[in-house]
Amino acid sequence: MEQKTVRRKRILTGDRPTGRLHLGHYVGTLMNRVKLQKEFETFILIADIQALSTHWEHPEAMPETIRQVTLDYLAVGIDPEICNICVQSRIPQIAELTSIYGLFTRMNKLRHNPTLKTEAKAYGYMKGDDLIAGFDKLTYGFFGYPISQAADITFLRADLVPVGEDQVPHIELCRDIVGRFNQLYGKGKKIIPLPKALVGDIPRLRGLDGQSKMGKSLGNAVFLSDDDKAIEKAVMKAVTDPQKIRRGDPGRPEVCNIFAYHQAFTPKDEVECIARDCRKGTLGCVADKQRLIEVLQNLVAPFNEIRKSWESRPDDVLDILRQGTANASLEGEKTLSLVREAMNINYW
Ligand code: TRP
């Protein structure tokens, strides 16, 4: 009898190693990854080449930032026994697939990508509102990184991509590329499956300043590796309802940034009491912040414990990356064989 092995569905997701991960990453995507790692065959990619598309002047920072992100994964509960954590630059199949996808992806697809535009503005690569018009600063590598990200997602023929909301345009582009690839070369067969994005319950956690999304460089983040003091400092300087000036003033939870954090991290029944007492004016902002500080410190404390135990075993951390990368590359070669065959460029 013919034996048919059913392949477990696959997750591919990742992060740029540009600094430590924060609470926004946690609710946006890390929680989903931890939850799903048993059910899905999971690969987590540390996208160092993508990070270098904005940080090419400082490649020497990569070993340390890669180590930090790996520790963040392990700290929140990614299990290296069942997940593969891999490093992008050491997987040649991603580079090969990137150049293939670049052959038929039109510049216009990239030009209007909102995430690419927001980042290009932030890095000063863009003049006015058009990416290409400002191209004297824009590099080929940065402009094209969404194509490379499509290769990241598909070199393992992943089914599901748990990401923060800002990544959805990139998954859309990836789906577009996969559709075109299959249509051009598949002769009716789906060589590469169409991946789906999965966004966490709190898709966009604002920074503690309430101004913009939580960012590594904006000084408005709580990091997963923060200690009690750092959490206290970050929360204490956060903005609440600007119209609530004195303790007894009634507040508006719906405009309060601290309340948004309670909604994300504090037990539900307690959140209702907080909203009620704030509206009545019986809960002051300082007490409210103190409760949030406690909640966040309790969340992060076990992460720091696990982190410490891995920090004392740097060789084991490197081994996790080495093994995860080798597994990914091996699987990636299977995809690339299919891709070359479909395109008739498997010359020997
Ligand atoms: N662009 C993602 C970020 O900025 C990182 C990333 C690279 C990624 N490759 C990926 C995410 C593939 C999901 C899938 O965080």
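This report walks through the ligand site and the enclosed cavity of a predicted model.

Let's start with the ligand. It has 13 residues around it, and the closest are Arg 16, Gln 50, Gln 149, Asp 152 and Gln 167. Sorted by character, that shell comes out as 5 nonpolar, 5 polar and 3 charged residues. Three side chains put an N or O atom close to a ligand nitrogen, as listed here:

| Residue | Distance from its polar side-chain atom to a nitrogen atom of the ligand |
|---|---|
| Gln 149 | 2.8 Å |
| Asp 152 | 2.7 Å |
| Gln 167 | 2.8 Å |

How much of the ligand does the protein bury? On its own the ligand would expose 370 Å², and 92% of that is buried by the protein. As for where it sits, the ligand takes up the space of the largest pocket.

Which elements build that shell? Strand 1 (10-15), helix 8 (145-154) and strand 4 (160-163) are the ones that each give two or more residues. Strand 1 is the top contributor, with 4 residues.

Now for the enclosed space. The structure has 1 cavity of 30 Å³ or more, and the largest cavity holds about 40 Å³. Its lining includes three cysteines, Cys 256, Cys 278 and Cys 285. Thr 240, Asp 241, Lys 244, Leu 283, Gly 284 and Asp 288 also line this cavity. By type, the lining splits into 4 nonpolar, 2 polar and 3 charged residues.

Conventions. Residues are numbered from 1 along each chain as its sequence is written. This is a predicted model: local features need pLDDT of at least 70, side-chain atom pairs count only at pLDDT 80 or more; totals for chains, interfaces and linings use all residues. Side-chain values use heavy atoms; hydrogens and water are left out. A residue is near a molecule or strand if one of its heavy atoms lies within 4 Å of it. A polar contact is a pair of N or O atoms within 3.5 Å; within protein, one must be able to donate a hydrogen and the other to accept it, and residues adjacent in sequence count only if both atoms are side-chain atoms. Accessible areas come from the Shrake-Rupley method with a 1.4 Å probe; for residues, only the protein chains shown count as cover. On a 1 Å grid over the protein atoms alone, a cavity is a set of points where a 1.4 Å probe fits but cannot get out, and a pocket is an open set with protein on both sides within 12 Å along at least five of seven lines; lining residues have an atom within 4 Å of a point. A molecule sits in a cavity or pocket if more than half of its atoms lie within 2 Å of its grid points. Ala, Val, Leu, Ile, Met, Phe, Trp, Tyr, Cys and Pro count as nonpolar, Asp, Glu, Lys and Arg as charged, and the others, Gly among them, as polar. Grid points are joined across faces, edges and corners, and a volume is the space filled by probe spheres set on the points.
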